[in-house]
There are 2 protein chains.
Amino acid sequence: MAANTRQKLLDAAESLFSQQGITTTPLRQITELAGANLAAVNYHFGSKLGLAREVLRRRLDELNSERLKRLDQLEAQDDKPATLDQLLEALIEPALIMSRDDALGGMRFVRLLARAYAENDRELHRFLREHYSHVMRRFARAMSQALPEMDAANLRWHLDFVIGALTYAMADFTGHFSHMNQIHIDAKTIAQHLVRFAAAGLSAADAAAAPSTPTGTARTLLGG
Amino acid sequence: MAANTRQKLLDAAESLFSQQGITTTPLRQITELAGANLAAVNYHFGSKLGLAREVLRRRLDELNSERLKRLDQLEAQDDKPATLDQLLEALIEPALIMSRDDALGGMRFVRLLARAYAENDRELHRFLREHYSHVMRRFARAMSQALPEMDAANLRWHLDFVIGALTYAMADFTGHFSHMNQIHIDAKTIAQHLVRFAAAGLSAADAAAAPSTPTGTARTLLGG
DNA sequence: GTATGATTCAAACACTTGTTTGAAATGTGC
DNA sequence: GCACATTTCAAACAAGTGTTTGAATCATAC
């Protein structure tokens, strides 16, 4: 059954890639776990890279379409623009829910994503950027309205702070400090905390970027 | 000359590991860059893992001792406890300065650190935890005084948000969104922004953890 | 049934990996 | 000079890598 082994290969590869990394995982281990023959990978996906691309594309499309759906809903209510908290929720919640929901592949996908970035494969990077950057650009544009004082460049790398925090929260692949996956707090709770954390950080940056700082006292009250 | 090739191997390995990852970099490439013989690695470091450990230890000790030195200074002024901003500076600035200073190996080390975490080598993880976690514990203890409302667990994974943002800021190894290393903003500036970002986020979390929320209005004022 | 295409399979291919070996070279102390 | 340990080197080793091959199996249509 053709589609069956294709699917089993994808599942096995996702699981093993996320645990061991892409370049580190041998094809033979994947095919063994999938109960398929070694040559099946090259038959169905052309090459190992082709398999990796397909594994990533499956989940990435799912995640990004969910994010954009939420963003569309927020922008549809066009009488009042979306708040920063709402935008951050639309960006963060789908990722965390997906990373914690075993039915969707659990946190495997996110670990895999982090690993894929860490690997230096240029083709893989280009592939990921093509499937990712347009979403981030749309969110950046939407957020710039909620953060009027920050210019584009400033907002972009503050958003990188957020993405960095999100990635760590999802993957927790360091294990050097906390151990979220042991505690297993539900995704919504962590998302709430991360949204508040990011909103406060971005707002503080926005306030600091203002030429006159009317909220300066409030920041001192909070951050001092 | 013994110490010479040892040093050249370490330098070459650090450079290549940070660009390509540890498991992905062949020993032959390292020895070629170092102008040494292939067998030199096993002679001087016992194995490839031994070389990787030594590469990491060099920089990690340097970074952590700088962090702890600053923390000691803050705790020495024992009449007034350190502020959150000061503690975050002590944690963040050494890492960012090191990551940007070419004389210290540039951002190579940080990329390497991120890669080392991404790789699934259990021995390497254990090694990193042993050389890292005690520093984070000391900072967590110091910060809990500046954030009286948060309990230990809460603080710990909010600190993971900070470390995640810091790692991304240092490594910028995603390249999927912003490109800090193209802009080359100086480390102190980025550190300032990240400290403010993290301080605001942590303070907001602390305020939200308080049973009665007197600063709740201030947060609304900031976080929209 | 047979013919045709899609899929599976065991085997081999060419290549790279980290490590080991044992002899040469170099340095060091006397 | 000699003796001795340290360091370098070319070569080979065993194991693992992704990919290819060509025959065998299966499904489907006629």
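**Notebook: DNA strand D and the core**

Started with who sits around DNA strand D: 17 residues do, and Pro26(A), Lys48(A), Thr5(B), Tyr43(B) and His44(B) come nearest. Note to self: this is a predicted model.

Next I looked up the make-up of that surface. I get eight nonpolar residues, six polar and three charged.

Which helices supply at least two residues each to the surface near DNA strand D? I found helix H2 (27-34) of chain A, plus helix H1 (2-20) and helix H3 (39-45) of chain B. H3(B) gives the most, with three residues.

Then I turned to the DNA side. Counting the atoms of DNA strand D within 4 Å of the protein, 52% are sugar or phosphate, and the rest belong to bases.

I went through phosphate oxygens of DNA strand D next. One is 2.7 Å from a side-chain N or O atom of Lys48(A). For His44(B), I also get a side-chain N or O atom, here 2.9 Å from a phosphate oxygen. With Leu27(A) the partner is a polar backbone atom, 2.9 Å from a phosphate oxygen. Lys48(A) and His44(B) were both on my list of nearest residues too.

Left the DNA and checked the protein interior. The largest nonpolar core has 138 residues. Which residues have the most contacts inside it? My lookup gave Leu51(A), Leu88(A), Leu51(B), Leu88(B) and Met143(B).

I picked Leu88(B) for a closer look. Leaving out residues up to four places away in sequence, Leu88(B) touches Glu93(B), Met143(B), Val162(B), Val195(B), Ala198(B), Ala199(B) and Leu202(B). I note that Met143(B), one of these partners, is also among the core residues with the most contacts.

Methods
Residues numbered from 1 in each chain as written. Chains lettered and ligands numbered in written order. Predicted model: local features only at pLDDT ≥ 70, side-chain atom pairs only at ≥ 80, totals over all residues. Heavy atoms only, no water. Near = heavy atom within 4 Å. Polar contact = N/O pair within 3.5 Å; in protein donor to acceptor, adjacent residues only side chain to side chain. Helix = DSSP H or I, 4+ residues; strand = E, 2+ residues; numbered from the N terminus. Nonpolar A, V, L, I, M, F, W, Y, C, P; charged D, E, K, R; others polar. Core = buried A, V, L, I, M, F, W, Y, C linked by side-chain atoms within 4.5 Å. Buried < 20%, exposed > 50% of the residue type's maximum accessible area, 1.4 Å probe, protein only. Contact = heavy atoms within 4.5 Å.
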